[in-house]
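Me: I've got this model open and I'd like a close look at just one part of it. Could you pick a strand, walk me through what pairs with it, and then follow the thread to whatever it touches?

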Amino acid sequence: MKPLRLELLAVPKEVAGLRRAVGAYVGSGPGAEVQLCVSEIVANVIRHVGEGTPVVVRVSGAADGRFRVEVTDPEPRALPVPVRAAGGDEGGRGVALLEAVSVRWGVLRGIDRKTVWCEIAGG
């Protein structure tokens with residue numbers, strides 16, 4: 001399966017279309033988890049780097065049935081960190097969701113960018 005690669009601006013109105021494109025690429029099985037991871041990582045870019053930030057989203061399938069999600073943005077210093085969100089908090093759950101649905105996740109930092117990635121078990 002050829003990897004999916006999308007370049008877009010991280011704005012709220014793009015997230016729904018991004019989820020649809022990822023869902024069409026992944027299909028059934030782990031599709032919901034892959035869509036959730038993509039949208040949460042992009043939402044973190046919107047919130048912590050800034051609305052309108054250019055991002056590159058990549059989704060690929062591995063031979064072992066896992067899917068790998070990668071979202072690259074141009075801000076290597078704004079790193080995702082797990083926080084404990086209180087019941088009434090509107091945010092703070094993105095990394096916890098990544099941890100809950102992925103096999104593993106991490107951040108690759110470069111001089112002028114970072115890539116937040118995660119791997120989701122296949123169906």
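Reply: Sure, and one bit of vocabulary comes before anything else: two strands pair if DSSP finds at least two bridges between them. Keep in mind, too, that this is a predicted model.

Quick orientation. The chain has 123 residues, and 41% of them are buried. Its secondary structure comes to three helices and five strands, running β-α-α-β-β-α-β-β from the N terminus on. Of the contacts between residues at least 6 apart in sequence, 61% join residues at least 24 apart.

The strand I'd zoom in on is β5, residues 114-120. On one side, it is joined to β3 (residues 67-73) by seven bridges, and the two strands run antiparallel. In that pairing F67 stands opposite I120. β5 also pairs with β4, again antiparallel, this time through six bridges. Here W105 faces C118, while V107 stands opposite V116. The link from β4 to β5 is a hairpin, with four residues making the connection.

Now for how covered this strand is. Seven of the seven residues in β5 are buried, so the strand is largely enclosed by the rest of the structure. In a regular strand, side chains alternate between the two faces of the sheet. Both faces of β5 are covered: K114, V116, C118 and I120 are buried on one side, and T115, W117 and E119 are buried on the other.

C118 deserves a stop of its own. Its relative accessibility is 0%, which puts it under the 20% cut-off, so C118 counts as buried. The closest cysteine sulfur to that of C118 belongs to C37, at 3.6 Å. C37 is buried as well, with a relative accessible area of 1%. You might wonder why those two aren't a disulfide. A disulfide is a covalent bond between the sulfur atoms of two cysteines, and here the cut-off for calling one is 2.5 Å. At 3.6 Å, the sulfurs of C37 and C118 are too far apart for a bond. The count for the whole structure is zero disulfides.

C118 also leads to S102, which sits in the loop between α3 (94-101) and β4 (104-109). Setting aside neighbours within four places in sequence, S102 is in contact with C118, E119 and I120, and those three residues are on the list of buried ones in β5. S102 is itself buried, with a relative accessible area of 11%. Its side chain also reaches the backbone oxygen of L98, at 2.5 Å, and L98 falls within the α3 range of 94-101.

To pull the thread together: β5 is bridged to β3 and to β4, its residues are buried on both faces, and C118 in that strand has the sulfur of C37 at 3.6 Å and S102 in contact with it.

Methods: Residues are numbered from 1 along each chain as its sequence is written. This is a predicted model: local features need pLDDT of at least 70, side-chain atom pairs count only at pLDDT 80 or more; totals for chains, interfaces and linings use all residues. Side-chain values use heavy atoms; hydrogens and water are left out. Buried means under 20% relative accessible area, exposed over 50%, partly exposed in between (1.4 Å probe, protein chains only). A polar contact is a pair of N or O atoms within 3.5 Å; within protein, one must be able to donate a hydrogen and the other to accept it, and residues adjacent in sequence count only if both atoms are side-chain atoms. Contact means heavy atoms within 4.5 Å.
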